[in-house]
Amino acid sequence: MLLICSALFARHYDNENPVANPNATVVCGNARFTVLTPELIRMEWSDDGKFEDNKSLTFVNRNLPVPKFTKSVSKSGATIKTDALSLRYRNDGKPFDAKNLEITMKLNGKNVKWTPGMENPGNLKGTTRTLDQANGYKLKKGDMEPGLLSRDGWVLVDDSSNILMTPDDSHWEEWVQSRPEGERQDLYFFGYGHNYKKALADYQKVAGKAMLPPKYTLGYWWSRYWQYSDDEMQTIVDRLRSYDIPVDVLIVDMDWHDTYGLRRNDPKKDEYDQRIGWTGYTWQKELFPHPANFLEWVNRSNLKTALNLHPASGIQPYEECYDLFRKDYGWDKPGESVPFKIDEVKWADSYFNTVLSPMEKMGVDFWWLDWQQWLESKYTPGLSNTFWLNHTFFHHARENAAETSGLNKRPFIYHRWGGLGSHRYPLGFSGDTYTSWETLAFLPWFTATASNVNYGYWGHDIGGHLFKKELKETDPELYLRWLQYGVFTPIFKTHSTKDNRIVRYPWAFPEHQFMMRDAIQLRYALAPYIYNAARENYDTGVGMCRPMYYEYPETEKAYQVPEQYFFGPDIIATAVATPIDSVTGLAPRKMWFPEGEWFDFSTGNLYKGNAEYDLSYTLDENPFFVRSGAIIPMNPKNVRSLQLPCDTLVLTFIPGEKGKLRHYEDDGETEAYLETFAMTPVERSLSGNDIRIKIGKREGTYNNAPDQRSYELRFPATMPPAKVIVDGKEYPYARFPEPGTWSYDGLSLQPVIYTTSMPVNKEVDVTLEYGDTNPYAESVHGKQGLFRRFRQLTPEFKEEQCNNGESMEMLPEGYLKASQCANFILENPKEIATYLREFDEAIRNLPTVMQEHKYSSPAFKNRVLKQTAE
């Protein structure tokens, strides 16, 4: 199986050839230019006329198809012209500077000239190594690094001092090496104008792809830094599931290893740096008396687990693995610490073989690398420890997956950004932010902006990691809003530091727990859409979280809305980052919508594009906005794990005239996706007023792909049809649906079709017949949100009435006309037009009804009217 794994990766890495096609290079004196694409040119200068053909940490492939270009070379200089760039070089025997090198290009019809040393003020930024101690936009551990995209139309990447990766005869295949001595320049000019997506696509051609992580990594991760024992962790998982909260990953933070206990009887205990406590490889037996059994329980519970590592302190004499490591490594100082030296082949081999592999065979699925120590290697000048840990751990995970499981399971790590090229080693841990509304408002911009360097898998500590001293307890509203935002982030992990003021159990907040559960369930419902976006990142280099300007680069407003972003191709996501008004129970959210129409999934409103809106939301509303006509693949409500097969595909058809989807699937765990996967085409169109759906034959296959499946077709904010025809057969309406019927949900105002199990190699044709009825009548827009708000308000209204001295009287008839409308529609959808007219009239009369009600307070009346105003 290791051979299979290696073969798959060999085919993947066949595209990684650092030696460019000679026909793409132009040499002039001590300068060499490599035309990589029409918009991307590598420019080298060296004092000895020798040029670099090895990989760097960032650039691993230069052997691309030679683009069309013309050249003119003489002793005095050279010119190169592509379809996008014109380069002029004057050979004066000196390094590149503003006097001897320039590139010109067009940007929106205007000439742009670049010379070495120019500032790039329009750079749209990339990301940063860590958000440790960040509070909103106030970063503590380094500024945002430049990105690959710029409003100036160009970006220069200076690779001159970057460490190289040279061929190695060991199983590592390549290893680090410093640059040759001497004065050298190695520059990459990206001149893509505002074609941001093409810039990212070409970047992955030269810097490698972001590999697709296992599907389960996109589920919910439970994590908290706390001194948990094995039985306590089992209790947490049991309780999560008792509250119907899905979970796929269980993180065990630092207390899994013996922090200080093993040193109590060590004669050298006083010599150890206090930070050594962060490093450890011996299980804390007081908390985990039988680690293998704990990990077996994790496996049997259908969970994946990771242990937290801070490897900086090397291998200490008190570790159980010390003797084995020392003998394998050849350490000739028994009883003395072995320093950390991950950039030495022998040290790395001994580390993985004798320290980590035994625990992986025991059942550890992956490692949470938490490097917080010195940034650069003590042995290889200029080498980022963060980057090289990413590289070595990822390479080890690739090999280890085949050795321990017999399958070519997908490698991944969980660590920090180590600089350009780190996208090849997903996933990312953003660090220890402060808990604040400001941080929540900052994260949408930060996460989407990281896609500007194709770092598309940031995972944040949902809820925040640290508290300021003045905070006394967890704010459930802030935690809820963070969870709701977290649904639309690459990695969905709750976490916090060891602080008893910080609570991450949903059940600790009785008034919010079910809304928190709903957020996590929504994540699982959207998992097929999210997985499609992950595949798109692998194919195109465009991350699942992407700034608005990717789609609208010439629209100024697209650069001015940092708190909203595209989540995949069809959803605009945001964060409600302001507390609710205590009087109205509503929180504000300003949104800008680009051209077209945008459907608010939480309320059912449809908004016209090219406009800004001041919106407001209750606590249980998690706003996200879907492109009109989009088809969103989803999971059915009963999915609680992304590791188990699902025999039903939910397709949600957002109101609109037409739409298309190519739904991606693979086995979810192995690298076979590099070659074997499946696509299912889906189309929706209108024929008169009839809605027509065509689900195509599945194209391709993968291991354990189902031969049959059922479909659940949802049509939110859509009138009930007169008939539903599936493959020529009429499906009957059913109040209590089962396969082969359709129903109508009065709350979300959506027809739902439940098909029987069908062969995936057969087309499915569905028609919703409407006759003279408009399926997308304006009368249904926004009603879903109002219905849900009434459902929340009505129990409070009854309590309000009792508290004000009346327990027997019915709520006002005028109020019930509105609040019960969804139930009337549920029971008799044929009369929906009548019920909606009566609802609209009840809403118009509601101010009078509430004003005349004797048994409710002015504050409650005001809240009802504010929340139900259309």
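# Hairpin, glycine, helices

Biologist: S38 and S39 form a hairpin with four residues between them, so to speak our starting point; which residue in the turn has a positive phi?

Modeller: First, a warning: this is a predicted model, where local features need pLDDT of at least 70, side-chain atom pairs count only at pLDDT 80 or more, and totals for chains, interfaces and linings use all residues. Residues are numbered from 1 along each chain as its sequence is written, and side-chain values use heavy atoms, with hydrogens and water left out. Strands are DSSP runs of E, at least two residues long, and helices are runs of H or I, at least four, numbered from the N terminus. In the turn, a positive phi of about 55 degrees belongs to Leu-749.

Biologist: How many bridges join S38 to S39?

Modeller: Two strands pair if DSSP finds at least two bridges between them. S38 (residues 741-745) runs antiparallel to S39, and Thr-741 has Tyr-754 as its bridge partner. S39 is also joined to S35 (residues 708-714), again antiparallel, by three bridges. Between S38 and S39, the number is five.

Biologist: How many of the five residues in S39 are buried?

Modeller: Buried means under 20% relative accessible area, exposed means over 50%, and partly exposed is in between (1.4 Å probe, protein chains only). S39 spans residues 750-754 and is mostly covered. The buried count is four.

Biologist: Is Gly-136 buried or exposed?

Modeller: Gly-136 sits in the loop between strands S9 and S10. Leaving out residues up to four places away in sequence, Gly-136 touches Ser-436, Glu-438, Thr-439 and Phe-442, where contact means heavy atoms within 4.5 Å. Because its relative accessibility is 2%, Gly-136 counts as buried.

Biologist: What separates the C-alpha atoms of Gly-136 and Ala-441?

Modeller: Along the chain, these two are 305 residues apart. In space, their C-alpha atoms are separated by 6.9 Å.

Biologist: How are helices H2 and H11 arranged, roughly parallel or roughly perpendicular?

Modeller: H2 (residues 196-207) and H11 (residues 527-540) pack at about 70 degrees, their axes 8 Å apart; axes are lines fitted to C-alpha atoms over the stretch in contact, with angles from 0 to 180 degrees between N-to-C directions. Under 35 degrees is roughly parallel, over 145 roughly antiparallel, 65 to 115 roughly perpendicular and the rest oblique. So H2 and H11 are roughly perpendicular.

Biologist: How many disulfides does the structure hold?

Modeller: A disulfide is a pair of cysteine sulfur atoms within 2.5 Å. The structure's total is zero.
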